[in-house]
Amino acid sequence: DSQSEAEDDSQSEAEDDSQSEAEDDSQSEAEDDSQSEAEDDSQSEKAEREEVESDGDTDASDEEEKEKTRKKAQKSMQKKKQEEKAKKKEAKQSESSTADKRGSVMISYNWGVQETALRLKQHLEGHGVKVWIDVECMGDDLNDSMAQAVESSDMVVVCATRAYQESKNCRKEAKYADKLNKRMKFLIAEKDYSPTSWLGVILSDAIYMPCFTPESVPVAVNALLEDLEPTRHHESNIVPTTKSKASVEVQTKITDVKLWLAENDCASLVDKIGHLKPRQFAELIALKKEVPNFYYDCLQKYSLSVDEILSLNSALRSIAA
């Protein structure tokens, strides 16, 4: 019995030890698992923090990049505005310089042809010419405004019509300009009209152009611009109104109209058109191409016969040949 009890005790102790060891192992494993899980959680949290920090760094980097882009765009926009402003300033200075070189024009007209006068103004200003016209520039005193306009202008453009000829104010303007020896250009602004009386006297030695249709305005303006060029004075012998070969030849080869007529079988014309200056003669010939009907009207005004007109045309062809 004693031996049996001893064996039982021994077996019981062994079982207790085995159970204890098992429990210890189980507890150890549980602790290891817990520790492993804690480490995993810690690593996971660390990874999450790093990811958040990384996202934060990325967001900050993106914001910095966007800010740089915005600043770059602003600088580009400012530079563009400055360049545009500089270009406008340069264009304005250039326009002002051109206008100063070309001078200014006063348009003298009767209100019956105001539409034609305004077309002339628009075309001239488009070429940088300063224009005085009573629609915009009249002061309180009519006579004072008119006098200042004539005195300050480099050229007075007269739009001649029957109504202009009969107007007292228009007569004052034209006569005052003539008295001051101003450059005067005459445009016939009414069809089938030929100046007479006081206006006919002023225009007696002048070459004038038709300007009573919208199509004739640009042609008239080109002639005015040529006379306004700073390199050409109104007394110059070479003031072309066209670039045709015939007119250029006339201006360069004819320095004495009377002599040229006599040498080219047009001696009978000496008393009729020999008084014209070379520049005036060149302008007359320019009309032959630009407005032929008006060219022949001018010749008839100077009382040229058909035979004399044919002789003149023949002589002019010999120049262009």
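Start by selecting helix H12, residues 278–290, a DSSP run (H or I, at least four residues; strands are E, at least two), numbered from the N terminus. H12 is mostly covered, with ten of its 13 residues buried, where buried means under 20% relative accessible area with a 1.4 Å probe, protein chains only. Colour the buried ones: Pro278, Arg279, Gln280, Phe281, Ala282, Glu283, Leu284, Ile285, Ala286 and Leu287. Now put a distance between the end C-alpha atoms of H12: they are 19 Å apart, which agrees with the expected 18 Å because the helix should span 1.5 Å a residue, taken as 1.5 Å times one less than its number of residues.

A word on what you have loaded: this is a predicted model, in which local features need pLDDT of at least 70 and side-chain atom pairs count only at pLDDT 80 or more, while totals for chains, interfaces and linings use all residues. Residues are numbered from 1 along each chain as its sequence is written, and side-chain values use heavy atoms, leaving out hydrogens and water.

Next, stay with Glu283 and look for empty space. The structure holds two cavities of 30 Å³ or more. On a 1 Å grid over the protein atoms alone, a cavity is a set of points where a 1.4 Å probe fits but cannot get out, and lining residues have an atom within 4 Å of a point. Points are joined across faces, edges and corners, and a volume is the space filled by probe spheres set on them.

The largest cavity has a volume of about 90 Å³. Twelve residues line it, and Lys185, Ile207, Met209, Ala223 and Glu283 are the closest to its centre. Show strand S4 (183–188), helix H8 (216–228) and H12 together, as each supplies at least two lining residues.

For the second largest cavity, about 40 Å³, select Leu142, Asn143, Met146, Asn169, Lys172 and Glu173, which line it. Helices H4 and H6 each give at least two of these residues.

While you are there, select H4 (residues 142–152), whose buried residues are Ser145, Met146, Ala147, Ala149 and Val150. They pack against strand S1 (104–108), strand S2 (130–132) and helix H6 (168–179), a contact being heavy atoms within 4.5 Å.

Finally, zoom out: the protein has 14 helices and five strands, and buried residues make up 35% of its 321 residues.

Note on methods:
Buried means under 20% relative accessible area, exposed over 50%, partly exposed in between (1.4 Å probe, protein chains only). On a 1 Å grid over the protein atoms alone, a cavity is a set of points where a 1.4 Å probe fits but cannot get out, and a pocket is an open set with protein on both sides within 12 Å along at least five of seven lines; lining residues have an atom within 4 Å of a point.
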